[in-house]
Amino acid sequence: MTGSAPKREVSALATELSGYIARACKRPLPRTVVERTKIHLVDIFAAMVSGSRLLPGKAAINYVRTQGGRPECGVIGTRIVTSAVNAALANGMFGHADETDATHPPSLTHPETSVVPAALAIGERGRIDGGTVLRAIVLGYDICARLLLALRPMPFLRSGHHAGAFGQAFGAAAAAGALMKLDALRVRYLLSYTAQQAAGLYTMFRDPEHIEKAFGMGGMPAHNGTAAALMVAAGFTGVEDVFSGERDFFFTFAPDGDRNELVRGLGRDYEIMRGGIKRWPVGGPIQGPLHVLNDMLATHRIKAEDVAELTARMPDKELEIVNNRDMPDISVQHLLAVMLLDGGVTFASAHDFRRMRDPRVLALKKKIRALGDPALTDPERRWRCVMEITLKDGRKFAHQTMAAKGSYENPLTRAEEEEKALDLISPVLGAKRSKILLAALWNFDTLKDVRALRRLYAKQ
């Protein structure tokens with residue numbers, strides 16, 4: 001039987017989105033966006049370097065060592081040089097080996113945790129300059145966030161899917177595809193192959209050792225997005241518009257989603273400017289409570305033994321994520337008890353499982369109430385908390401924040417980010433090498449070849 005091929009319908013939305021992705025690496029960025037992106041880049045490198053030494057990082061290293069592959073990209077904190085997809089997987093798992101990586105609160109995603117490993121993998125593979133890779137990172141951040149905003153992140157999460165895993169795969173794919181100079185048609189294929197791999201279940205929050213969570217939140221999206229770009233670059237063709245037509249992506253995952261969010265404000269409203277960088281090395285929803293308690297401890301000199309009751313009100317949807325969890329770094333009650341006892345929270349104390357069985361911590365947790373308050377819930381702004389502490393002598397203190405330190409309304413400065421980054425990187429690379437790496441990252445956009453970073457982040 002002969003005849004012409006069926007006509008392929010491509011929506012205006014898919015045409016606009018694919019065209020933007022194809023041209024993004026040639027678009028200049030506002031100076032403020034470049035500066036904010038560098039702070040996020042330093043933050044995720046710190047998370048990746050430190051994460052390479054944690055249990056999820058060790059699992060990723062053990063895996064990629066068995067895979068071989070062409071030596072295209074380095075595995076951060078090691079001497080391993082492997083294929084782009086393997087490096088993206090490992091570095092993505094490093095980035096979310098714990099809860100130090102940044103987030104995009106409005107979309108409930110961690111964009112750079114997957115976007116940067118994917119961009120770095122293709123950047124090293126192709127020996128691409130830092131300025132181009134940085135523009136790809138901003139693009140990936142935009143696509144990641146918009147994908148989830150289109151799906152409506154909280155209903156999507158509550159349905160059993162994992163927001164970050166979905167959005168970050170598309171962000172990683174966009175960054176990788178743009179760096180591989182895919183034209184608009186091939187970008188549409190890229191989006192379809194990414195959609196075929198879209199996955200991630202809320203159940204990853206139940207993983208007490210953070211290995212599956214590191215895979216689902218960081219490594220899997222980085223790997224799948226990078227793989228999709230490489231497959232299309234190698235000649236794979238497919239569906240031209242996965243976002244419209246019969247039983248499309250939204251029909252499957254979010255029938256009530258808003259497709260227009262995918263392109264709204266592209267090239268004008270950069271989502272990285274709404275990103276949140278964690279002041280404390282713990283889950284994002286806990287940033288507000290720790291911010292408020294830290295202020296109260298400093299102002300009122302409160303001692304743990306004097307506390308009769310502590311009540312922390314926080315956005316109700318965020319409390320669901322961190323309410324009495326089994327992992328120390330995502331349990332709000334546990335971390336508030338630790339801060340009261342220690343006067344602060346460090347990377348070590350936030351990840352100490354033994355403290356979850358400490359009788360002093362357990363006794364103090366009984367005095368702590370975390371309440372979900374719908375009045376504090378705002379889809380655009382998170383990391384909020386209203387706290388009241390009653391002492392045994394009857395005195396009461398109250399304090400609140402509507403924008404915890406690190407939120408986009410109250411962002412970390414370069415100096416604050418460098419302090420955080422050195423605390424994470426120095427135990428792995430040493431103080432001198434850490435400062436050299438940070439200096440290179442602060443000047444990332446001037447690098448002629450991002451592969452030059454490999455000698456700075458590799459294990460000596």
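**View 1. The largest cavity holds about 290 Å³ of space.** This is a predicted model. The lining of the largest cavity counts 24 residues, and L108, H110, G284, P285 and I321 are the closest to its centre. Three helices each supply at least two lining residues: helix 8 (163-179), helix 10 (211-233) and helix 13 (316-322). Which helix gives the largest share? Helix 13 does, with 3 residues. By class, the lining of the largest cavity splits into 11 nonpolar, 8 polar and 5 charged residues. Across the whole structure, the search finds 5 cavities of 30 Å³ or more.

**View 2. The second largest cavity has a volume of about 50 Å³.** Its lining can be named in full: Y20, A24, R27, L29, R135, V138, L139 and Y270. Look for helix 6 (residues 130-151) here. Helix 6 gives the largest share of this lining, 3 residues. How many polar residues line the second largest cavity? There are no polar residues in this lining; 6 are nonpolar and 2 are charged.

**View 3. The largest pocket contains about 420 Å³ of space.** Its lining is made of 17 residues. Nearest the centre of the largest pocket lie R279, W280, V345, E419 and K420. Helix 12 (287-300) and helix 17 (414-429) each bring at least two residues to the lining. Helix 17 gives the most, with 5 residues. Sorted by class, the lining of the largest pocket has 7 charged, 6 nonpolar and 4 polar residues.

**View 4. In a close-up of R279 and W280, a charge sits over a ring.** Both residues are among those nearest the centre of the largest pocket. Find the ring of W280, then the charged end of R279. How far is that charged end from the centre of the ring? The distance is 4.5 Å.

**View 5. The second largest pocket has a volume of about 320 Å³.** The lining of this pocket counts 17 residues. V239, D241, V242, R247 and D248 lie nearest its centre. Helix 9 (184-197) and helix 11 (249-253) each supply at least two residues of this lining. By class, the lining of the second largest pocket holds 5 nonpolar, 5 polar and 7 charged residues.

**View 6. F249 and F253 form an aromatic pair in helix 11.** A pair of aromatic rings is described by the distance of the centres and the angle of the planes. For F249 and F253, the centres are 5.0 Å apart and the planes meet at 55°, so the pair counts as tilted: planes under 30 degrees apart would be stacked, and over 60 edge-to-face. How many residues apart are F249 and F253 in helix 11? They are 4 residues apart, which means they are separated by about one helical turn. F249 is buried, at 3% relative accessibility.

**View 7. A cluster of rings takes in F249 and F253.** Ring pairs link F156, F166, F170, F243, F249, F250 and F253. How many aromatic pairs does the structure hold? It holds 11.

**View 8. C25 and C144 are cysteines in no disulfide.** A disulfide is a covalent bond between the sulfur atoms of two cysteines. The search of the whole structure finds 0 disulfides. For C25, the nearest cysteine sulfur belongs to C73, 16 Å away. To count as a disulfide, two sulfur atoms must lie within 2.5 Å. For C144, the nearest cysteine sulfur is that of C25, 16 Å away. Are these two cysteines buried or exposed? C25 is buried, with a relative accessible area of 11%. C144 is buried too, at 0% relative accessibility.

**View 9. T37 belongs to helix 2 (residues 31-51).** T37 is buried, because its relative accessibility is 2% and buried means under 20%. Now find Y141. Along the chain, T37 and Y141 are 104 residues apart. What separates their C-alpha atoms in space? The distance is 9.8 Å.

Methods. Residues numbered from 1 in each chain as written. Predicted model: local features only at pLDDT ≥ 70, side-chain atom pairs only at ≥ 80, totals over all residues. Heavy atoms only, no water. 1 Å grid on protein atoms, 1.4 Å probe; cavity = no way out; pocket = protein on both sides within 12 Å on 5 of 7 lines; lining within 4 Å. Points joined across faces, edges and corners; volume = space filled by probe spheres on them. Nonpolar A, V, L, I, M, F, W, Y, C, P; charged D, E, K, R; others polar. Buried < 20%, exposed > 50% of the residue type's maximum accessible area, 1.4 Å probe, protein only. Phe/Tyr/Trp six-rings, centres within 6.5 Å; stacked < 30°, edge-to-face > 60°. Lys NZ or Arg CZ within 6 Å of the ring centre and 35° of its normal.
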